[in-house]
Amino acid sequence: MGLPYQGFYSASKYAIEGMSEALRMELKPFKINVIVIRPGDFFTNFTANRKPSRTSAPGGDYEAQFARTLAIIEKDEKKGLPPEYLARKIAKILEKKNPCQHYIIATLEQKFAVLLKKILPGSLFSKILSSHYGIKS
(Lines give C-alpha, C1' and ligand atoms only; values in the text may rest on other atoms or scores of the structure.)
Protein backbone atom coordinates (compact mmCIF):
# COMPACT_ATOMS: atom_id res chain seq x y z
CA MET A 1 0.00 0.00 0.00
CA GLY A 2 1.11 3.56 -0.55
CA LEU A 3 2.59 5.00 2.64
CA PRO A 4 3.10 8.67 3.50
CA TYR A 5 6.61 10.01 2.92
CA GLN A 6 7.54 6.70 1.32
CA GLY A 7 6.20 7.37 -2.16
CA PHE A 8 9.25 6.20 -4.10
CA TYR A 9 9.51 3.09 -1.94
CA SER A 10 5.80 2.34 -2.40
CA ALA A 11 6.03 2.96 -6.15
CA SER A 12 8.95 0.52 -6.49
CA LYS A 13 6.89 -2.19 -4.77
CA TYR A 14 3.94 -1.58 -7.12
CA ALA A 15 6.33 -1.79 -10.08
CA ILE A 16 7.75 -5.11 -8.91
CA GLU A 17 4.23 -6.51 -8.56
CA GLY A 18 3.35 -5.47 -12.13
CA MET A 19 6.56 -6.89 -13.54
CA SER A 20 5.98 -10.12 -11.61
CA GLU A 21 2.47 -10.49 -13.02
CA ALA A 22 3.84 -10.17 -16.54
CA LEU A 23 6.73 -12.57 -15.89
CA ARG A 24 4.36 -15.10 -14.32
CA MET A 25 2.46 -15.38 -17.61
CA GLU A 26 5.57 -15.29 -19.79
CA LEU A 27 7.38 -18.01 -17.84
CA LYS A 28 4.43 -20.33 -17.27
CA PRO A 29 5.18 -22.41 -20.43
CA PHE A 30 8.62 -23.13 -18.93
CA LYS A 31 7.10 -24.24 -15.60
CA ILE A 32 8.81 -21.37 -13.76
CA ASN A 33 6.81 -19.94 -10.88
CA VAL A 34 6.95 -16.24 -10.14
CA ILE A 35 6.02 -15.42 -6.56
CA VAL A 36 5.48 -12.03 -4.94
CA ILE A 37 6.40 -11.67 -1.28
CA ARG A 38 4.66 -8.76 0.43
CA PRO A 39 6.70 -8.17 3.57
CA GLY A 40 5.56 -6.05 6.46
CA ASP A 41 7.97 -4.19 8.70
CA PHE A 42 11.15 -6.02 9.61
CA PHE A 43 13.73 -4.85 12.09
CA THR A 44 16.78 -4.26 9.88
CA ASN A 45 19.36 -1.54 9.20
CA PHE A 46 16.88 0.03 6.77
CA THR A 47 15.70 2.42 9.49
CA ALA A 48 19.20 3.53 10.48
CA ASN A 49 20.23 4.01 6.83
CA ARG A 50 17.23 6.12 5.77
CA LYS A 51 18.13 9.25 3.78
CA PRO A 52 15.45 11.98 3.92
CA SER A 53 14.66 13.86 0.72
CA ARG A 54 15.08 17.62 0.27
CA THR A 55 11.33 18.19 0.76
CA SER A 56 11.66 16.90 4.31
CA ALA A 57 14.80 18.89 5.12
CA PRO A 58 14.70 21.44 7.94
CA GLY A 59 12.74 24.52 6.94
CA GLY A 60 10.73 22.70 4.28
CA ASP A 61 6.95 22.83 4.02
CA TYR A 62 6.65 19.28 5.32
CA GLU A 63 9.15 19.57 8.16
CA ALA A 64 6.84 19.25 11.18
CA GLN A 65 4.50 16.66 9.69
CA PHE A 66 7.39 14.65 8.29
CA ALA A 67 9.10 14.53 11.70
CA ARG A 68 5.91 13.29 13.39
CA THR A 69 5.21 10.68 10.75
CA LEU A 70 8.83 9.54 10.53
CA ALA A 71 8.87 8.90 14.28
CA ILE A 72 5.84 6.60 13.86
CA ILE A 73 7.35 4.86 10.83
CA GLU A 74 10.61 4.21 12.69
CA LYS A 75 8.76 2.98 15.77
CA ASP A 76 6.83 0.51 13.59
CA GLU A 77 10.04 -0.63 11.88
CA LYS A 78 11.81 -1.15 15.21
CA LYS A 79 8.88 -3.28 16.39
CA GLY A 80 9.08 -5.27 13.16
CA LEU A 81 9.66 -8.97 12.89
CA PRO A 82 13.24 -10.27 12.76
CA PRO A 83 14.57 -10.80 9.21
CA GLU A 84 15.32 -14.44 10.06
CA TYR A 85 11.55 -14.99 10.31
CA LEU A 86 11.16 -13.75 6.74
CA ALA A 87 14.02 -15.94 5.54
CA ARG A 88 12.48 -19.06 7.11
CA LYS A 89 9.09 -18.30 5.53
CA ILE A 90 10.63 -17.75 2.10
CA ALA A 91 12.61 -21.01 2.41
CA LYS A 92 9.36 -22.89 3.11
CA ILE A 93 7.65 -21.21 0.15
CA LEU A 94 10.51 -22.18 -2.17
CA GLU A 95 10.10 -25.83 -1.15
CA LYS A 96 6.41 -25.89 -2.21
CA LYS A 97 5.54 -27.78 -5.36
CA ASN A 98 2.65 -25.42 -6.18
CA PRO A 99 3.25 -22.11 -4.41
CA CYS A 100 0.68 -19.32 -4.34
CA GLN A 101 1.24 -16.23 -6.45
CA HIS A 102 1.37 -13.86 -3.44
CA TYR A 103 2.36 -14.18 0.20
CA ILE A 104 2.00 -11.59 2.92
CA ILE A 105 4.69 -12.07 5.54
CA ALA A 106 3.95 -9.62 8.29
CA THR A 107 2.53 -9.15 11.75
CA LEU A 108 -1.13 -9.91 12.33
CA GLU A 109 -1.85 -6.16 12.55
CA GLN A 110 -0.23 -5.52 9.17
CA LYS A 111 -2.09 -8.43 7.57
CA PHE A 112 -5.31 -6.98 8.99
CA ALA A 113 -4.46 -3.61 7.38
CA VAL A 114 -4.15 -5.34 3.98
CA LEU A 115 -7.58 -6.91 4.50
CA LEU A 116 -9.08 -3.56 5.51
CA LYS A 117 -7.69 -1.95 2.36
CA LYS A 118 -9.49 -4.58 0.27
CA ILE A 119 -12.87 -4.33 1.98
CA LEU A 120 -13.22 -0.69 3.04
CA PRO A 121 -14.01 2.27 0.81
CA GLY A 122 -10.77 4.00 -0.20
CA SER A 123 -11.62 7.23 1.60
CA LEU A 124 -12.23 5.41 4.91
CA PHE A 125 -9.07 3.33 4.65
CA SER A 126 -7.10 6.48 3.84
CA LYS A 127 -8.46 8.15 6.98
CA ILE A 128 -7.43 5.16 9.09
CA LEU A 129 -3.94 5.07 7.57
CA SER A 130 -3.55 8.84 7.92
CA SER A 131 -4.61 8.61 11.55
CA HIS A 132 -2.06 5.86 12.23
CA TYR A 133 0.71 8.02 10.78
CA GLY A 134 -0.42 11.16 12.63
CA ILE A 135 -1.48 13.04 9.51
CA LYS A 136 -4.21 15.55 10.19
CA SER A 137 -6.91 16.14 7.60
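**Entry 1: glutamine 65**

I started at the side chain of glutamine 65, where one polar atom sits 3.1 Å from the backbone oxygen of glycine 134. This is a predicted model, so I read every distance here as a computed value. The side chain of glutamine 65 has a polar contact with the side chain of arginine 68 as well, at 2.9 Å.

Where does glutamine 65 sit in the secondary structure? I found it in helix H2, which covers residues 63–78. Next I asked whether glutamine 65 is buried or exposed. Its relative accessible area is 14%, and because that is under 20%, glutamine 65 counts as buried.

I then listed what glutamine 65 touches, leaving out residues up to four places away in sequence: Tyr5, Tyr133, Gly134, Ile135 and Lys136. Glycine 134 is thus on the contact list and also supplies the backbone oxygen I began with.

For a sense of distance, I checked threonine 107, which is 42 residues from glutamine 65 along the chain. Their C-alpha atoms are 26 Å apart.

**Entry 2: two positive phi angles**

Tyr5 was on the glutamine 65 list, and I looked at its backbone next. Tyrosine 5 has a positive phi, about 60 degrees, though it is not a glycine. I noted this because most residues other than glycine have a negative phi. Tyrosine 5 belongs to the segment before helix H1 (7–27). With a relative accessible area of 33%, tyrosine 5 is partly exposed.

Lysine 31 gave me another such angle: a positive phi of about 60 degrees in a residue that is not a glycine. I located lysine 31 in the loop that joins H1 and strand S1 (36–39). Is lysine 31 buried or exposed? Its relative accessible area is 75%, so I put it down as exposed.

**Entry 3: the nonpolar cores**

Which residues form the largest nonpolar core? I counted six: Phe42, Leu81, Leu86, Ile93, Tyr103 and Ile105. Helix H3 (83–95) and strand S2 (102–105) are the elements that give two or more residues to this core. Apart from it I found another core, of five residues, including Ile73, Leu116, Phe125 and Leu129.

I went back to one member of the six-residue core, Tyr103. Setting aside neighbours within four places in sequence, tyrosine 103 contacts Ile35, Val36, Ile37, Arg38, Ile93 and Lys96. Ile93 is in that contact list and in the largest core too.

**Entry 4: the whole chain**

Last, I stepped back to the overall fold. How many helices and strands does the chain have? I counted five helices and two strands. Read from the N terminus, the order is α-β-α-α-β-α-α.

The C-alpha trace spans about 55 × 35 × 30 Å along its principal axes. Of the 137 residues in the chain, 23% are buried. Among contacts with a separation of 6 or more, 72% are between residues 24 or more positions apart.

For the surface, I noted about 10000 Å² exposed, with carbon and sulfur atoms supplying 62% of it. I also looked up the charges: there are 22 positive and 12 negative, and their mean positions lie 6 Å apart.

Methods:
Residues are numbered from 1 along each chain as its sequence is written. This is a predicted model: local features need pLDDT of at least 70, side-chain atom pairs count only at pLDDT 80 or more; totals for chains, interfaces and linings use all residues. Side-chain values use heavy atoms; hydrogens and water are left out. A nonpolar core is a set of buried Ala, Val, Leu, Ile, Met, Phe, Trp, Tyr and Cys residues joined through side-chain atoms within 4.5 Å. Buried means under 20% relative accessible area, exposed over 50%, partly exposed in between (1.4 Å probe, protein chains only). Helices (H or I, at least four residues) and strands (E, at least two) are DSSP runs, numbered from the N terminus. Contact means heavy atoms within 4.5 Å. Accessible areas come from the Shrake-Rupley method with a 1.4 Å probe; for residues, only the protein chains shown count as cover. Lys and Arg count as positive and Asp and Glu as negative; His and the chain ends are not counted. The place of a charge is taken as NZ of Lys, CZ of Arg, CG of Asp or CD of Glu. A polar contact is a pair of N or O atoms within 3.5 Å; within protein, one must be able to donate a hydrogen and the other to accept it, and residues adjacent in sequence count only if both atoms are side-chain atoms.
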